[in-house]
Amino acid sequence: MPINKSKIINLLPNDDFQSTTFGRILKWALSSFRFMVIVTELIVMSAFLSRFWLDARNSDLNEELNVSMAQVNAYQDVEQEFRLYQNQLQVANTLYLDGKNSELIQKITNVLPNDLIVSSIQLTGEDLQIKAVSFSEQAVAQFLVNLEGLEIFDKVELSQVASSIENSFVTTFTISAKYKQKTGGLN
């Protein structure tokens, strides 16, 4: 009798569980989840390793920010002074370009007594207010008379008179005046 060579001998026990539908699904899930776990581990490891790079980058950016803040703070006083000068130049330019105001200020300074200092001139529409400091009462009276003599104001009034707090020999005062309506302002 001839020997049959096509017979396969399997020494492992044959499990019927792998041949069922649930067994095949479970085998597929276990092998698929293995790949998912490997991919997840790779993502976690790359995030962990990139953390060191991100921490170094964050430290560098914080250092740059501190240096920039120190530079900005160092120039803050210069910027405030520059803005103050810019505002003063803008006011001066406005007064220079407005010929009416320049002419008015020129006329007021022409009638100003020697021992009198003007601290502010405020011009609002037809109303003029001059705040000044004087070392004598005669200078205040002379300034009032000189302003009335200009004939460009209707009412010239001394509205406030007081002695200076720091120096009793100094008189601070305010003069209010209105433009004449007939002349339309300065001539």
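Which backbone nitrogen does the side chain of Ser-136 reach? Keep that in mind while I place the residue. This is a predicted model, and Ser-136 sits in the loop between strand E2 and helix H4. The answer is the backbone nitrogen of Ala-139, at 3.3 Å. Ser-136 has a relative accessibility of 17%, and because the cut-off for buried is under 20%, Ser-136 counts as buried.

Now the whole chain. There are 4 helices and 4 strands, and along the sequence they follow the pattern α-α-α-β-β-α-β-β. The chain has 187 residues, and 17% of them count as buried. The exposed surface comes to about 15400 Å², with carbon and sulfur atoms supplying 59% of that. Among contacts with a separation of 6 or more, 51% are between residues 24 or more positions apart.

Next, the first hairpin on my list. Strand E1, residues 116-124, runs antiparallel to E2, and 8 bridges join the two. Ile-121 stands opposite Ile-130 in E2. Between the strands of this hairpin there are 2 residues, and Gly-125 takes a positive phi near 60°.

Stay with E2, residues 127-134, and look at its two faces. Leu-128, Ile-130, Ala-132 and Ser-134 point to one face and are buried. Asp-127, Gln-129, Lys-131 and Val-133 point to the other face and are not buried.

That brings me to the core. In soluble globular proteins, nonpolar side chains tend to be buried together. Here the largest nonpolar core has 18 residues, and Phe-143, Leu-147 and Phe-153 touch the most other members. Two or more residues each come from helix H3, E2, helix H4, strand E3 and strand E4. H4 gives the most, with 5 residues.

Last, the charged pairs. How many salt bridges are there? The count is 3.

Two of them lie within helices. In helix H1, Asp-55 pairs with Arg-51, with the closest N and O atoms 3.8 Å apart. These residues are 4 apart in the helix, so about one helical turn separates them. In helix H2, Arg-83 pairs with Glu-79 at 2.7 Å, and again the residues are 4 apart, or about one helical turn.

The other joins Lys-178 and Asp-127, at 2.6 Å from N to O. Lys-178 lies in E4 and Asp-127 in E2, so this pair ties together parts 51 residues apart in sequence. Lys-178 is partly exposed, with a relative accessible area of 35%, and Asp-127 is partly exposed with 35%.

Technical notes:
Residues are numbered from 1 along each chain as its sequence is written. This is a predicted model: local features need pLDDT of at least 70, side-chain atom pairs count only at pLDDT 80 or more; totals for chains, interfaces and linings use all residues. Side-chain values use heavy atoms; hydrogens and water are left out. Buried means under 20% relative accessible area, exposed over 50%, partly exposed in between (1.4 Å probe, protein chains only). Two strands pair if DSSP finds at least two bridges between them. Contact means heavy atoms within 4.5 Å. Accessible areas come from the Shrake-Rupley method with a 1.4 Å probe; for residues, only the protein chains shown count as cover. A nonpolar core is a set of buried Ala, Val, Leu, Ile, Met, Phe, Trp, Tyr and Cys residues joined through side-chain atoms within 4.5 Å. A polar contact is a pair of N or O atoms within 3.5 Å; within protein, one must be able to donate a hydrogen and the other to accept it, and residues adjacent in sequence count only if both atoms are side-chain atoms. A salt bridge is a side-chain nitrogen of Lys or Arg within 4 Å of a carboxyl oxygen of Asp or Glu.
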